Every structure is written in C-alpha cells, then in structure tokens.
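Let's take a walk through this protein together. Please load the model and keep the sequence within reach as we go.

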Amino acid sequence: HIVTAAMQMTLFNNVDKNHDLRKFLDPQSKSLIGFNDTLFLLWKKIGPPTSFASTKLFLELTNKFATGREFFDDDPKVALKNLGLSREDFSEKSDWDHYPIVKDLLEIWEICEDMVDVFVDNTYSSDDAVFKDKQLQEWINQSSNPEGGNIRGLPVVSSREELKRVLTSLV
C-alpha cells in the first residue's frame, strides 16, 4: 500500500477532481493515505505484529526491499514468472489447487483487468487521446519523479494498452 499511496498522492496533486481518472480511482482511494498516516502515527499501539519498534525501521526495510524493484514487479503474473512458479507445478485436480491463494489472486487480477479495460475503452477513444491527456501525462511523470512519487519502472503512457497495464497494477 506504500506504492499505491504514492500514486494516489500524485494523482490528487495533478489530476482535477472532475477528470475521469479521478472519478474511476477516487472511490477506492478514500482511505489509503489516511490509513498509512494513522498506522505510522499510532505504530506502537496499532502497528502490525512485527519486530519493528518504529516506523523508521519499517521504512528503512521497505526502502531496502524496493531497491532495484520496478512498478510492475509485484503484479501476480510478473511475480509468478520471476519466481519460476508455474500452474503445472501446483495443480493436480484443478488449476493451482496446491497453492489456492495464487488462484484467488489471479481471479482478482482478472476482474481488475476487465474493469480497467472497460474504463479505458470507454474513456479514451484512441492511443492518441491517451497521449494527449495532459493531466494523465503529468500524473505519470510526477509519479516517476524522484521528488514526486519516486516510483521506478512506470512506462511513458502513450497508448491505451500501457494505461490499462498501469491502472490494473494500481487497482
């Protein structure tokens, strides 16, 4: 939720509330930044059950984990490929029956893909419309900027397919 919060903050700072991207993303974005703020402010009382005594230690570990990682690295299909995990290795009677959480994650991922596909196809009539959306472009630029969202590996979003990939990962 750290990367998602960074993307949301750059969205809020660079895209008008009446823009279709905000209408699409705002409903699911209502609580995440506030959740992170609350978690960090009340860490000692409500922090997750970890050995980290402070948010500083947690953020240091998060930064180490993020070193060299790209935006899409934690997408389920990318992660499975990078880890060398295949459906055949974890399936006996049905797909992923020996690793059911993967099946659940892939089903959720496909639902997100379908939702994003419908949004992008109904919002942007062409790749050129995506490329010419100044607010979208500024959002992605600021999300990538080390002084903005500082998110590595975001593509230049110049097509509907690239936008679908970014939005699916974000959702």
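How many Å apart are the mean positions of the positive and negative charges of the protein chain? They are 6 Å apart, for 20 positive and 28 negative charges. Keep in mind as you read on that this is a predicted model. We will come back to the charges after a look at the overall architecture.

The protein chain has 10 helices and zero strands. Reading from the N terminus, the order of elements is accordingly α-α-α-α-α-α-α-α-α-α. If you align the C-alpha trace with its principal axes, the protein chain spans about 45 × 45 × 30 Å. Of its 171 residues, 32% count as buried. The accessible surface of the protein chain amounts to about 10800 Å², and carbon and sulfur atoms account for 54% of that. For the contact map, take the pairs that are at least 6 apart in sequence: 61% of these contacts join residues at least 24 apart.

Now let's turn to a residue in the first part of the chain. Gln-8 sits in helix H1, which covers residues 2-14. Is Gln-8 buried or exposed? Gln-8 counts as buried because its relative accessibility is 5%, and the cut-off for that class is under 20%. Setting aside residues up to four places away in sequence, Gln-8 touches Gln-28, Ser-29, Leu-32 and Ile-33.

Another buried position is found further along the chain. Gly-149 belongs to the loop between helix H9 (134-144) and H10, and it is buried, with a relative accessible area of 14%. Which residues does Gly-149 contact, once its neighbours within four places in sequence are left aside? They are Ala-6, Thr-10, Gln-142 and Ser-143. As a distance to check in your viewer, the C-alpha atoms of Gly-149 and Phe-131 are separated by 20 Å, with these positions 18 residues apart along the chain.

With that, back to the charges. Side chains of opposite charge can pair when their charged atoms come close. In this model the count comes to 12 salt bridges. One of them joins the side chains of Lys-164 and Asp-117, with an N to O distance of 3.9 Å. This pair links distant parts of the chain, since Lys-164 is in helix H10 (residues 160-170) and Asp-117 is in helix H7, 47 residues apart. How do the two partners sit with respect to the surface? Lys-164 counts as buried at 9% relative accessibility, whereas Asp-117 counts as partly exposed at 29%.

A second pair is formed by Asp-121 and Arg-160, whose closest N and O atoms are 4.0 Å apart. Asp-121 lies in helix H7 and Arg-160 in helix H10, so this salt bridge ties together parts that are 39 residues apart in sequence. Asp-121 is partly exposed at 36% relative accessibility, and Arg-160 is partly exposed at 23%. These residues belong to a network of salt bridges that links Asp-117, Asp-121, Arg-160, Glu-161 and Lys-164.

There is also a salt bridge between Asp-128 and Lys-132, where the closest N and O atoms are 3.0 Å apart. Asp-128 is partly exposed, with a relative accessible area of 39%, while Lys-132 counts as exposed at 57%.

Finally, let's stay with helix H7 and look at its surface. Which residues form a negative surface patch? They are Asp-104, Glu-107, Glu-110 and Asp-114. Glu-107 has its place in helix H7, which runs over residues 100-123, and is partly exposed with a relative accessible area of 40%. A nonpolar surface patch of about 260 Å² is made by Tyr-99, Ile-101 and Leu-105. Leu-105 is likewise found in helix H7, and at 43% relative accessibility it counts as partly exposed. So helix H7 is a good place to pause in your viewer, because Asp-121 of the salt bridge with Arg-160 lies in helix H7 too.

How values were computed
Residues numbered from 1 in each chain as written. Predicted model: local features only at pLDDT ≥ 70, side-chain atom pairs only at ≥ 80, totals over all residues. Heavy atoms only, no water. Patch = residues over 30% accessible without salt bridge, like charges linked within 9 Å, V, L, I, M, F, W, Y side chains within 5 Å. Areas by Shrake-Rupley, 256 points an atom, 1.4 Å probe, with all protein chains shown as cover. Lys, Arg positive; Asp, Glu negative; His and termini not counted. Charge placed at Lys NZ, Arg CZ, Asp CG, Glu CD. Helix = DSSP H or I, 4+ residues; strand = E, 2+ residues; numbered from the N terminus. Buried < 20%, exposed > 50% of the residue type's maximum accessible area, 1.4 Å probe, protein only. Contact = heavy atoms within 4.5 Å.
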